[in-house]
Amino acid sequence: MKWAQGIDKLGIGLYLVICIFAVLNISSVNETLGTKQLTFFCVSLFIGLIIFFTRTKFFENMSGIIYVGGVLLLIGLFPFGTEILGQRNWYKFGGFTMQPVEFAKIGTSLMVANYVSSSDFNIKNTRSLLTILAIIGVPAVVVLAIPDVGSLLVFGAFFIALYREGLNGKVFGVVFLLAAIFLIANYINDPMEESPWYMVGAIVFVGALYILFRFNYLARDVYRFIFTGVAIIGLSALAYFSPNVFEKLPTHQKQRIEVLYKGESRKEFRDNIGYNLLYSKTAIGSGGVMGKGYKEGSVTQGKFVPEQETDYIFCTVGEEWGFVGSAILILCYALYIGRIYYLAENQKSTFNRVFGYCFASILLIHFCINIGMVMGLFPTVGIPLPYFSYGGSSLLAFSIMTFIFFKLNYADKNSLV
C-alpha cells in the first residue's frame, strides 16, 4: 500500500508490543485496572489515527499555544488540584483523574523544537541560551513548586536534546559531580559512620583530578589556575554545607535518599519508607530465570507491594516472567528508544529532529529512573514506566508524543525536499 510507505513499522510494532504486554501485567495485579488500561490504550490508538491525518505543520505552528496551555494547567493545580499520595499534582473530574505535568512535557518538547529550529537560534549565543533555558525553566519551576521532584528530573531530558544541538557536554559533568558530592557528604556525615575524614579525602581527590585535567593550561593562563582554586573551594563548601541542606528537606525525601545507601532492610526503614522497595526486590529475585508464571506470583497476587500497578509494575514482570521476561522487556525498550534516536538523527527538518530527541530523552530518563528505583539503584520518586505503568494521563501523553513523532517521520520520508 502506497500510503503506508514512510510509516516506521519497527517503531510502531515495538510500541504495540510494550503496550499490550503492559495491559497483561496490570491485569495480573488488578483485572479491573487492566480493563481500564486497555480502554486507555484503545483511546490512544484513536487519537493516534487523528494525529496521523493532521497536517504536519500544525504541531510546529501550534507549539506556542500548546506550551502555554500546558503551563497554565500546571499553575491551575494550586487552586484546583487534588492531593493524591501527598502531592497536589492531579485534577479530578468525577471518577477520572488527570496529571497535567505529563501533557506539559509535550508542550515543552514542541516549544523547544520550535525555537531551536528558528533562524534566530544559536546555542553559542547568550540570548538564545537564556531563552531556551527560560522555555524549559518556566514549567520546571512550577513543577518544583508543586512539588513533584520526580517529574522535575525528567525536564533534564531537554538538555540531552540541546547537547545534540551544540550544548557544551561539561554541563552534565558538573551536574553529576555536584550530585555525587551532595550524596557522599551526607553519607559520611551519618552519625552511624566512623570515618568523616573521607569527606576531606574525596574533595582533595576531586580537586587533584581537576587540576591534573587542566594542567596543560596552567602555564599559559593564570586565570585557569585561579578558577581551579575557586572550584576546589566551592566543592569543599558544597560538601561542608550539604548535611545542613539535607536536614531541611521534607522527612519523606530524606528517608528515600537514606534508604539508597543504608538499605531498605534496616529496622527504621523496612516497615515504612523502605517497605515497597524491600518487597519489590523480593518479587524480582523470587522470579528466578523463567519466572513463576502469569498470575502465579505470590508477592504480586498477595498485594504486598502498594501501588504495584503503577510505579512498581516492573517487579510484577520480574516475578511472573523471570530474568528472561525482564531482559526481553528491557531489550524492547532499548530498541524502541534507540530507534527513535536513530530516526530523529536522520530527519531533514530541524524541528523534527529536536522533537525526536526530546521525546526519546524523556523516555530514556523515565525508563532508567523507574527501573533503577524498583531495583534499589535510585531513590524512590514518582516516575512511571512509559506505556507500562497504569494511568490514563501517562499512557495518553506518551502515545500522543509517539504518534506526533511518527507522523513527523512519515512526512519527512515522503517529502521531496
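User: If buried means under 20% relative accessible area, exposed over 50% and partly exposed in between (1.4 Å probe, protein chains only), is Ser-399 buried or exposed?
Analyst: This is a predicted model, in which local features need pLDDT of at least 70 and side-chain atom pairs count only at pLDDT 80 or more, while totals for chains, interfaces and linings use all residues. Residues are numbered from 1 along each chain as its sequence is written, and side-chain values use heavy atoms, with hydrogens and water left out. Ser-399 lies in helix 19, which spans residues 392–413. Because its relative accessible area is 1%, Ser-399 is buried.

User: How many helices does the secondary structure of the chain come to?
Analyst: Helices (H or I, at least four residues) and strands (E, at least two) are taken as DSSP runs and numbered from the N terminus. On that basis the chain has three strands, and its helices come to 19.

User: What share of the residues of the chain count as buried?
Analyst: Contacts in the chain also show how far apart in sequence the partners lie: among those between residues at least 6 apart, 70% join residues at least 24 apart, where contact means heavy atoms within 4.5 Å. The chain has 417 residues, and the share of them that count as buried is 45%.

User: Which residues is Ser-399 in contact with, leaving aside its neighbours within four places in sequence?
Analyst: One of these partners, Tyr-387, is found in the loop between helix 18 and helix 19, and at 1% relative accessibility Tyr-387 is buried. Phi of Tyr-387 is near 70 degrees, a positive value in a residue other than glycine. With neighbours within four places left aside, the contacts of Ser-399 are Tyr-15, Ser-44 and Tyr-387.

User: At what angle do helix 2 and helix 19 pack, and how far apart are their axes?
Analyst: Two packed helices are described by the angle between their axes and the distance between the axes. The axes are lines fitted to C-alpha atoms, for helices over the stretch in contact, with angles running from 0 to 180 degrees between N-to-C directions. For helix 2 (residues 31–52) and helix 19, the values are about 25 degrees and 9 Å.

User: How do the residues of the contact of helix 2 with helix 19 divide?
Analyst: The crossing of helix 2 and helix 19 is right-handed, meaning that the near helix is turned clockwise from the far one by less than a right angle, as opposed to anticlockwise for left-handed. The contact includes Phe-40, Ser-44 and Ile-47 of helix 2 and Leu-395, Ser-399 and Phe-403 of helix 19. Ala, Val, Leu, Ile, Met, Phe, Trp, Tyr, Cys and Pro count as nonpolar, Asp, Glu, Lys and Arg as charged, and the others, Gly among them, as polar. The contact therefore divides into 13 nonpolar, five polar and one charged.

User: What is the orientation of helix 6 and helix 19 to each other?
Analyst: The axes of helix 6 (residues 100–116) and helix 19 come within 8 Å and cross at roughly 20 degrees. Angles under 35 degrees count as roughly parallel, over 145 as roughly antiparallel, 65 to 115 as roughly perpendicular and the rest as oblique. Helix 6 and helix 19 are therefore roughly parallel.

User: Are helix 9 and helix 18 parallel or oblique to each other?
Analyst: The axes of helix 9 (residues 157–164) and helix 18 (residues 350–374) come within 8 Å and cross at roughly 140 degrees. The residues in this contact include Phe-158, Ile-160 and Arg-164 of helix 9 and Arg-353, Tyr-357 and Ile-365 of helix 18. Given that crossing angle, helix 9 and helix 18 are oblique.

User: Which residues does Thr-310 touch, not counting those up to four places away in sequence?
Analyst: Thr-310 lies in the loop between helix 16 (298–301) and helix 17 (314–345). At 14% relative accessibility, Thr-310 is buried. Beyond its sequence neighbours up to four places away, Thr-310 touches Ser-389 and Tyr-390.

User: How many disulfides does the structure hold?
Analyst: Cys-42 is partly exposed at 45% relative accessibility, whereas Cys-332 is buried, with a relative accessible area of 13%. A disulfide is a pair of cysteine sulfur atoms within 2.5 Å, and the number of disulfides in the structure is zero.
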